[in-house]
Amino acid sequence: MTNSPTLRWVKSSYSTQNGGACVEWAPSNTSATGIVPVRDSKNPDGPMLNVSATAFAGLVTLARSANL
């Protein structure tokens, strides 16, 4: 999967307006494919990581439990 312009990206609630920890994901893709695209919002044309919905849930759980 490429950085398709049809993907609707959502910025992480942990991201800040001044450039901190900017991560985006495309949740609309998940129900159709079971894959969650993730990218750095500061580099939208850069690489994209595709993870399974289960792996993404694990990443979210880890982020919520960490002292960030």
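## A walk across the sheet

Start by selecting Glu24 and Arg39: Glu24 stands opposite Arg39 in β3. Keep in mind as you go that this is a predicted model. Now show the side chains of the two residues, and you'll find a polar contact between them at 2.7 Å.

**Stay on Arg39.** Arg39 sits in strand β3, which covers residues 35-40. Is Arg39 buried or exposed? Its relative accessibility is 13%, and the cut-off for buried is under 20%, so Arg39 counts as buried. Next, add Pro44 with its backbone: the backbone oxygen of Pro44 lies 3.3 Å from a polar atom of the Arg39 side chain. So that you have both on screen, keep Glu24 displayed too; the Arg39 side chain has its 2.7 Å polar contact with the side chain of Glu24.

**Along the β2-β3 pairing.** Select residues 23-25, which make up strand β2; β2 and β3 pair in the antiparallel sense over three bridges. You've already met Glu24 opposite Arg39. Click on Val23 as well, and look across to Asp40 in β3, which it stands opposite.

**Over to Pro37.** Pro37 is also in strand β3. Its relative accessibility is 0%, so it counts as buried. If you want a distance to check, put a C-alpha to C-alpha line between Pro37 and Glu24: 8.3 Å in space, with their positions 13 residues apart in sequence.

**The other side of β3.** Now bring in β4. The pairing of β3 with β4 is antiparallel and runs over five bridges. Pick Ile35 to see one partner: its bridge partner in β4 is Ser52.

**Zoom out to the sheet.** Colour the strands by order. Four of them form an open sheet, β1-β2-β3-β4, with antiparallel pairing. Which strands stand at the edges? They are β1 (10-11) and β4 (48-52); each has a single partner strand, so one side of each is left without a neighbour in the sheet. As background, strands of a sheet pair through backbone hydrogen bonds, either parallel or antiparallel.

**Add the helix.** Select residues 53-65 for helix α2, which lies across β2, β3 and β4. Against β4, the helix runs at about 105°.

**The aromatic pair.** How many aromatic pairs does the structure hold? There is one. Select Trp25 and Phe56 to see it: the rings are stacked, 4.9 Å centre to centre, with 25° between the planes. This pair links distant parts of the chain, since Trp25 belongs to strand β2 and Phe56 to helix α2, 31 residues apart. Turn on the surface and check each partner. Trp25 is partly exposed, at a relative accessible area of 27%, while Phe56 is buried, at 16%.

**Last stop: the whole chain.** Clear the selection and trace the fold from the N terminus: the elements run β-β-α-β-β-α, giving two helices and four strands. Of the 68 residues in the protein, 28% are buried. For a contact map, take the contacts with a separation of 6 or more: residues 24 or more positions apart account for 25% of them. Finally, show the full accessible surface, which comes to about 4700 Å², with 57% of it belonging to carbon and sulfur atoms.

Conventions:
Residues numbered from 1 in each chain as written. Predicted model: local features only at pLDDT ≥ 70, side-chain atom pairs only at ≥ 80, totals over all residues. Heavy atoms only, no water. Buried < 20%, exposed > 50% of the residue type's maximum accessible area, 1.4 Å probe, protein only. Polar contact = N/O pair within 3.5 Å; in protein donor to acceptor, adjacent residues only side chain to side chain. Pairing = 2+ DSSP bridges. Contact = heavy atoms within 4.5 Å. Axes fitted to C-alpha atoms, helices over the stretch in contact; angles between N-to-C directions. Phe/Tyr/Trp six-rings, centres within 6.5 Å; stacked < 30°, edge-to-face > 60°. Areas by Shrake-Rupley, 256 points an atom, 1.4 Å probe, with all protein chains shown as cover.
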